[in-house]
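Student: I would like a close look at a single part of this model. Please take one helix and describe how its surroundings are arranged.

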Amino acid sequence: MSDYEEEHLVPLELGGAPRDPGNLWPEPHYGTKTAYTKDGTETKLKNAVRNGTISLPAARSAIKNNWTTALQVTGIG
């Protein structure tokens with residue numbers, strides 16, 4: 001198994017571009033901020049958009065600027 005996975009900076013579930021090289025990056029499977037922890041953040045943001053807690057542009061901006069603090073920035077963390 002690889003130590004990294006190809007990840008979308010803005011996830012597909014928030015309308016991220018699936019093949020845009022600017023939206024792809026190698027995300028580690030090790031450390032404290034991993035592909036697995038980002039997946040949870042993505043799901044929480046998607047649910048917050050669906051529930052009307054935050055807007056889609058706000059969710060996209062938060063995760064693009066810094067996914068590790070995206071939930072704090074949007075007030076749903």
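Tutor: What follows is an account of helix α1 and its surroundings.

The model is predicted. Helix α1 covers residues 35-51, which is 17 residues. At 1.5 Å a residue it should span 24 Å, and its end C-alpha atoms are 24 Å apart, so the expected and modelled spans agree. Gly52 follows α1 and has a positive phi, near 80°.

The buried residues of α1 are Ala35, Lys38, Thr41, Glu42, Leu45 and Ala48. They cover an arc of only 140° around the axis, and therefore lie on the same side of α1. Lys44, Arg50 and Asn51, on the other side of α1, are exposed. The cover over the buried residues includes strands β1 and β2 (24-28), together with helices α2 (56-66) and α3 (70-74).

On the strand side, His8 is a residue to follow. His8 belongs to β1 (residues 4-8). With a relative accessible area of 17%, His8 is buried, because the cut-off for that term is under 20%. Not counting residues up to four places away in sequence, His8 touches Lys38 and Glu42, and also Ala17, Pro18, Asn23, Leu24 and Trp25. A polar atom of the His8 side chain lies 3.0 Å from the backbone oxygen of Pro18.

On the helical side, Ala70 can be treated in the same way. Ala70 is in helix α3 and is buried, with a relative accessible area of 0%. Its contacts, leaving aside neighbours within four places in sequence, are Thr41, Leu45, Ala62 and Ile63. Ala70 and Glu42 are 28 residues apart in sequence, yet their C-alpha atoms are 9.2 Å apart in space.

Ala70 also leads to the nonpolar core. The largest such core has eleven residues, among them Leu45, Ala48, Ala62, Ile63, Ala70 and Leu71. Val10, Leu14, Ile54, Ala59 and Trp67 are also members of this core. Helices α1, α2 and α3 each supply at least two residues of it, and α2 gives the most, with three. In soluble globular proteins, nonpolar side chains tend to be buried together. Ala62, another core member, is in contact with Trp67, Ala70, Val73 and Thr74, leaving aside its neighbours within four places in sequence.

To return to the helix itself: Leu45 and Ala48 are buried residues of α1 and belong to the largest nonpolar core, while Lys38 and Glu42 are touched by His8.

Technical notes:
Residues numbered from 1 in each chain as written. Predicted model: local features only at pLDDT ≥ 70, side-chain atom pairs only at ≥ 80, totals over all residues. Heavy atoms only, no water. Helix = DSSP H or I, 4+ residues; strand = E, 2+ residues; numbered from the N terminus. Buried < 20%, exposed > 50% of the residue type's maximum accessible area, 1.4 Å probe, protein only. Polar contact = N/O pair within 3.5 Å; in protein donor to acceptor, adjacent residues only side chain to side chain. Contact = heavy atoms within 4.5 Å. Expected span 1.5 Å × (residues − 1). Arc of directions from axis to C-beta. Core = buried A, V, L, I, M, F, W, Y, C linked by side-chain atoms within 4.5 Å.
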